[in-house]
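The exercises below are meant for a reader who is meeting this structure for the first time. Work through each task with the sequence and the model side by side, and then compare your reasoning with the solution.

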Amino acid sequence: MEKFVYDFAEGNKDLKDLLGGKGANLAEMTNLGLPVPAGFTITTSACQRYLSDGSHVEGLAEEIDDHLAALEREMGRSLGDPADPLLVSVRSGAKFSMPGMMETVLNVGLNDESVAGLSRQAGGNDRFAWDSYRRLIQMFGKTVCDVPGAEFEDALHEAKVRKGVKDDVQLDADDLKELVTAYKKVFAKHTGHEFPQNPREQMDLAIAAVFRSWNADRAVLYRRQERIPADLGTAVNVVAMVFGNLGADSGTGVAFTRDPATGESGIYGDYLQNAQGEDVVAGIRNTVPLQDLEKIDKKSYDELLRIMAQLEGHYHDLCDIEFTIERGKLWMLQTRVGKRTAAAAFTIAAQLVDEGMISLDEALTRVSGAQLAQLMFPRFDLSSDPSPITRGVGASPGAAAGEVVFTSAHAVAAAAEGRSVILVRRETNPDDLPGMIAAQGILTARGGKTSHAAVVARGMGKTCVCGADEMEVGRDQFTVNGQVVHEGDTVSIDGTTGRVYLGAVPVQPSEVVQYFEGDLDPALANEPLVSAVHLLMTHADSAARLAVRTNADTGADAARARRFGARGIGLCRTEHMFLGDRRPLVERLILARTEAERNDALSALQPLQRADFLQIFREMNGLPVTVRLIDPPLHEFLPSLEDLAVQVAVAKERGEEAEHDERMLAAVRRMHEQNPMLGLRGVRLGLVIPGLFAMQVRAIAEAAVQLAAEGGRPRPEIMVPLVGAVQELETVRTEAEKIIAEVVGSSGVQVLIGTMIEVPRAALTAGQIAEAAEFFSFGTNDLTQMGWGFSRDDVEGAFFWRYLELGIFGISPFESIDRDGVGRLVRIAADEGRATRPGLKLGVCGEHGGDPESVHFFHEVGLDYVSCSPFRVPIARLEAGRAAVESAGSDHR
Ligand code: PEP
Ligand code: MG
């Protein structure tokens, strides 16, 4: 039969799935011989059974009996014994930390009789015993029986008023005894029965309440936001009580082995004398810095420091610790590998390498691309210590300041005048999109990390704080904690911490970006964070199998990406080169009636294109540059149908000459498509407009030859978009090869020809397509669009928030590759393409190329490179290194 209960001595830190984080680490500390109060853990699997089988878990009660008996033997006391009671705490503890989301009940085992026994244990301390009892009724009432907490607080408040005191500690034993009577009344009023006196019944009810708290609203919400699976369940830890509230020689505290904000080594933490853990959390009294414990209780302090060093040496990481001192005796109540900021993650990983505690490979697994991304955003300069007016969910990172506006239209109008604005809404909806685009940042009062505002802002890379629920948002002002902020007032929002400030907080550039750019102030070069980033990036590059290229279509972007470590260009989108002042030439091309007219337009475009390519080849000298032939529908280069129609009608009405506009209108009408994304684009365009691709191929080849003549080393790769059938590619290839042969002559320049795989049919016929392609580059944007049938331009703002809410997917498939569906197409194409042509070069150039999760997938599938926007190049480099280290690790296992 399955075992549901583990003594602390039976577990270890690797059993988090079963024992939860707290239980696994209590077991680990017990086995290290540290002073952990005795206890046992009821497994997450028991919780899952409890929640799915409707409360009865076969065999659980008997196992608890056995473990309780063992605990009683060890402690030499029995639960709730009137003469000398054993008391226990009943604590939640899931696999992933969910701070404050689930329940805990302390002092279980106290009743009208054992309260006297507890007093005797505490040397006749009646006050302490009655205080513990009233705490039990309060916690048990709230947690187990849903009694409104406010009623207990009211009763406590009344007791203090009656006595004329401000602080709980000023209530004496008699006051607390009366308070217990009052609490019991509150309890009975709400539950219809008396507070249970049977200690075992108290314990069983508390365990069940902790199980149920897994599904409390706030826990469900937290899990959804943090993407913690809903079916894990929580473990329950039953631990012999130790008391920090027995007098001045007792207390409770928290400690970190390094600073979780910066990663610096040292002693960080807080201590509260004569208190229980919940007093610290409730902020009832002020704590003192942990260092002060040295003066208060040197013996415990020294022991704590010794244990902290031992734990760090054991876990090889920053540990956070909760402890209690009971009459001069130190007890460890919890430890775990501590949460930390992004900067601390890098700094600590590098320090641990320096200290010889972990290997460089291990260090790479301790940091992430998402953390690096955070370090690359500008930050607020908080040296003036501004205090936030409120706080919400940091939904999309960055630091933004601007005037408050309350409507999308106002945001658009203000931005048009060059003013920076923050769009403030109770919550956003798709109609707010123009304002969201215009604003520097978005602030909402409602919604979490998957709300409409959060999803859209992240997609746009825009700073967003959402769910700042202390804010009352009106039509032209918002109120927060009594402060009124009007339209036009300036606020600053921090999309990483969720903090909101009144006024403009100065923004500081990221020193990590300056380091990548190579323009770091030399004074900062030895700064721990910069050295840590340098160390880990260098190792990531040497460990990685995937190369990282960039998507760039200007010389400036190419140069920046190269500084950021790109090993070439994976996608140069040529359509961007047809905009701006070249638009009239494109119009000429589209309106051409004869071959001569068309050739004229193409000949005018050709030298311009050659110059574009030359500049990019120069910047990427020696590295591969994939130039994609023109892709989007040509009508994107033309004026809007509505505007033109009006223009023509007005001209006619006035009797003015409108021949050019009329021809244009006819062309626009002719080319209008209901579904342009599925229309005349990509290779189809090249096949129907004679000379268009040929012009581009010639320009690419000529630019390469010119760079070679200058002594450079061009490595051009021509990529054909939107291919779905090998015949399309063969047709383009035949013509291109002729032109290339003609242009390169004996210059030694080599030009590869390959294709994008971005139409599902291409993925499914990749074996045939590889006959005509020297490389494949996965266009996962279109592959996702066509794989799911989701319009790239419309769906994210329109309904993805709902899909996220319903859990249809945990993250937008445009952001992170859908491994099961779109990813499967990639895998099929990679395998079948390589089966035809073993040396086939494989890359990805859709947005997913810079997404950390997706980079791991592309590593697994065996691609040669990922390509992403310049700013994401360092993130992809780091993740490529991590993917290699992690897969090597799992191969060894
Ligand atoms: C793609 O579809 O993934 C791609 C890179 O091409 P584009 O985004 O230009 O359509
Ligand atoms: Mg595409």
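**Exercise 1.** Is isoleucine 808 buried, partly exposed or exposed, judged by its relative accessibility?

*Solution.* Keep in mind from the start that this is a predicted model. Begin by finding the residue, whose place is in the loop between helix H33 (800–805) and helix H34 (822–836). Next, take its relative accessibility, which is 44%. Buried would require a value under 20% and exposed a value over 50%, so isoleucine 808 counts as partly exposed. Finally, consider its company: together with Trp788 and Leu806, Ile808 forms a nonpolar patch on the surface, and the three have about 280 Å² of accessible area together.

**Exercise 2.** Determine which residues coordinate the magnesium ion (ligand 2), and say where they lie in the chain.

*Solution.* Starting from the ion, the coordinating atoms belong to Glu758 (OE) and Asp782 (OD), at 2.0 to 2.1 Å. The next step is to place these two residues: glutamate 758 is in the loop between strand S30 (752–757) and helix H29 (760–764), while aspartate 782 is in helix H31 (residues 780–788), so the pair ties together parts that are 24 residues apart in sequence. The last step concerns exposure, where glutamate 758 has 2% relative accessibility and therefore counts as buried, and aspartate 782, at 2% relative accessibility, likewise counts as buried.

**Exercise 3.** Examine the salt bridges of lysine 13, arginine 336 and arginine 681, and describe the setting of each pair.

*Solution.* As background, side chains of opposite charge can pair when their charged atoms come close. In this model the count of salt bridges comes to 51, and three of them are taken in turn here.

1. Lysine 13 meets aspartate 14 in a salt bridge with an N to O distance of 3.7 Å. Lysine 13 is partly exposed, with a relative accessible area of 24%, whereas aspartate 14, at 61% relative accessibility, counts as exposed.

2. Arginine 336 and aspartate 320 meet through their side chains at 3.3 Å, N to O. This pair links distant parts of the chain, since arginine 336 belongs to strand S12 (residues 329–337) and aspartate 320 to strand S11 (residues 319–326), 16 residues apart. Arginine 336 is partly exposed, its relative accessible area being 29%, but aspartate 320 is buried, with a value of 10%.

3. Arginine 681 forms a salt bridge with aspartate 631, and their closest N and O atoms are 3.0 Å apart. Arginine 681 lies in the loop between helix H25 (659–671) and helix H26 (683–688), and aspartate 631 in the loop between strand S28 (624–628) and helix H24 (641–653), so the pair ties together parts that are 50 residues apart in sequence. Both arginine 681 and aspartate 631 are buried. Beyond this pair, salt bridges that share partners join Glu575, Arg628, Asp631, Arg681, Asp782 and Arg792 into one network.

**Exercise 4.** Work out how many residues of strand S7 are buried, and which strands it pairs with.

*Solution.* First, look along strand S7 (residues 234–240), where seven of its seven residues are buried. Then separate the two faces: Thr234, Val236, Val238 and Ala240 lie on one side, and Ala235, Asn237 and Val239 on the other, with both sides covered. Turning to the neighbours, strand S2 (residues 39–42) pairs with S7 in the antiparallel sense over four bridges, and valine 238 in S7 is the bridge partner of phenylalanine 40. Strand S5 (residues 88–94) also runs antiparallel to S7, joined to it by seven bridges, and here glycine 93 stands opposite alanine 235.

**Exercise 5.** Trace the order of the open sheet of eight strands, and find its edge strands.

*Solution.* Reading across the sheet, the order is S14-S24-S23-S16-S17-S18-S19-S15, and the pairing is mixed. The edges are strand S14 (390–391) and strand S15 (393–396), each of which pairs on one side only. For one pairing within the sheet, take strand S17 (residues 421–425) and strand S18 (residues 441–444), which run parallel and are joined by four bridges; leucine 423 has isoleucine 442 in S18 as its bridge partner.

Key:
Residues numbered from 1 in each chain as written. Chains lettered and ligands numbered in written order. Predicted model: local features only at pLDDT ≥ 70, side-chain atom pairs only at ≥ 80, totals over all residues. Heavy atoms only, no water. Donors = N, O, S within 2.8 Å, 3.2 Å for Na, K, Ca; no water. Buried < 20%, exposed > 50% of the residue type's maximum accessible area, 1.4 Å probe, protein only. Salt bridge = Lys/Arg side-chain N within 4 Å of Asp/Glu carboxyl O. Patch = residues over 30% accessible without salt bridge, like charges linked within 9 Å, V, L, I, M, F, W, Y side chains within 5 Å. Areas by Shrake-Rupley, 256 points an atom, 1.4 Å probe, with all protein chains shown as cover. Pairing = 2+ DSSP bridges.
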